Amino acid sequence: MKSWKDLEPDRYRLLTKNYTPGRGGRKIRYVVIHHNAGMLSIDQIWQVWQTREASAHYQVTIDGQIGQLVNDSDTAWHAANLLRNQESIGIEHANSGGAAADWPISEKTREEGAHLVAAICRYYGLGRPAWGVNVRPHSETGQTSCPYRLGPNGEYGKAYIARAQYWYDQMGSGTTTSTTPVKETPVTDDQTALLRQIRDNTADCRAMLMTLSAQDMGDANITGPYGGWPQTGGRTRTDTLAAIAAKLGVPGTTDTKEN
Ligand SMILES: [Zn+2]
């Protein structure tokens, strides 16, 4: 992590699909723990989730790198149902071996994952990490064995939550509270460039509109607001039309210059 306190991941690799923007007005209440059942890098899990209807907020890799794939402010698709997804943050842990090795998870991955749990509990004011309270195994709903050895009854589970509690205590009470706004991706150089482009385009549009309106209402720089044009006797386009109609005797029309 670049910053535990601000939940700044080592890397953002945000999905463009297979998550739901926003949280339907619900607050983050707990963390859901998963394992990959795979040995995936940040790019690899991004690839999987771009092509499958699933996602989680964070991926902890074999070497302890933490990637963010869905913003905390959005709903990832990792738990049993919509409500669970809206109220939780999903953390995925890469395995360091496959089925033949019974899906081990490296110590580095477990340590960084536990630290992330602590940082999330601090950031969102969820309280000291505890299984079944603010830290839930994916298997809680009974439809999966995930996170397998990392779950509360798995061989890593006890040490994992103990490390999360250790880091939670280390981080102290500080200034972060439950009123901390939901973290969002900071503005990148690309986004700054895009905002600048939008601003410039807006300025161009305004200039064009002023030119168009000046053609109807006269050039304010020359004749003052709504001053009309010299060749129409100081009338705007609308007033010129009215003057012609009045001359032709169309009922209800007047030449503003004769009033
Ligand atoms: Zn899972």
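This report walks through a predicted model, from its domains down to a few single residues.

## Two domains

Let's start with the overall layout. The chain splits into domain 1, residues 11-170, and domain 2, residues 189-258. Measure between their C-alpha centres and you get 59 Å.

## The zinc site

Which residues hold the zinc ion? His34 and His138 each coordinate the ion through ND1, and Cys146 does so through SG, with distances of 2.0 to 2.2 Å. Along the chain, these donors follow the spacing H-x103-H-x7-C. Both His138 and Cys146 are buried. His34 is buried as well, and belongs to the set of β3 residues that point the way Tyr30 and Val32 do.

Cys146 has something else going on: the peptide bond joining Cys146 to Pro147 is cis, with omega at about 10°. Pro147 sits in the loop between β8 and α4. For background, most peptide bonds are trans.

## Strand β3 and its partners

Strand β3 covers residues 30-35, and six of the six are buried, so the strand is largely enclosed by the rest of the structure. In a regular strand the side chains alternate between the two faces of the sheet. Here, Tyr30, Val32 and His34 point one way, while Val31, Ile33 and His35 point the other way. Both sets are buried.

Which strands pair with β3? One partner is β7, residues 88-93, which runs parallel to β3 and shares six bridges with it. Tyr30 stands opposite Ser88 of that strand. Strand β8, residues 135-137, is another parallel partner, joined to β3 by three bridges. In that pairing, Val32 faces Arg136.

## Helix α4 and what it packs on

Now for helix α4, residues 157-170. Its 14 residues should span 20 Å at 1.5 Å a residue, and the end C-alpha atoms are indeed 20 Å apart, so the two agree. The buried residues of α4 are Gly157, Tyr160, Ile161, Ala164, Gln165, Trp167 and Tyr168. They cover an arc of only 165° around the axis, which puts them on the same side of α4.

What does that buried side of α4 pack against? Its buried residues meet β3, β7, α3 (107-123) and β8. On the face turned away from the buried side, you'll find Lys158 and Gln170, both exposed. Just past the helix, Gly172 takes a positive phi of about 65°.

## Helix α7

Helix α7 covers residues 237-248, and the same kind of length check works here: 12 residues at 1.5 Å a residue should span 16 Å, and the end C-alpha atoms are 17 Å apart, which agrees. Its buried residues are Thr240, Ala243 and Ala245. Gly249, just after α7, has a positive phi of about 85°.

## Leu126, a long-range neighbour

Leu126 is in the loop between α3 and β8. Buried or exposed? With a relative accessible area of 16%, Leu126 counts as buried, because the cut-off is under 20%.

Leu126 and Val31 are 95 residues apart in sequence, yet their C-alpha atoms are 9.2 Å apart in space. Leaving aside residues up to four places away in sequence, Leu126 touches Ile28, Arg29, Tyr30, Ile120, Cys121 and Asn134. Tyr30 we've met already, as the β3 residue opposite Ser88.

## Two positive phi angles outside glycine

Most residues other than glycine have a negative phi. Leu7 is not a glycine, but its phi is positive at about 55°. Leu7 is found in the segment before β1. With 0% relative accessibility, Leu7 counts as buried.

Asn18 is another non-glycine with a positive phi, about 65°. Where is Asn18? Its place is in the loop between β1 (11-12) and β2 (19-20). Asn18 is buried too, at a relative accessible area of 11%.

Technical notes. Residues numbered from 1 in each chain as written. Predicted model: local features only at pLDDT ≥ 70, side-chain atom pairs only at ≥ 80, totals over all residues. Heavy atoms only, no water. Domains from an automatic or database assignment. Donors = N, O, S within 2.8 Å, 3.2 Å for Na, K, Ca; no water. Buried < 20%, exposed > 50% of the residue type's maximum accessible area, 1.4 Å probe, protein only. Helix = DSSP H or I, 4+ residues; strand = E, 2+ residues; numbered from the N terminus. Expected span 1.5 Å × (residues − 1). Pairing = 2+ DSSP bridges. Arc of directions from axis to C-beta. Contact = heavy atoms within 4.5 Å.
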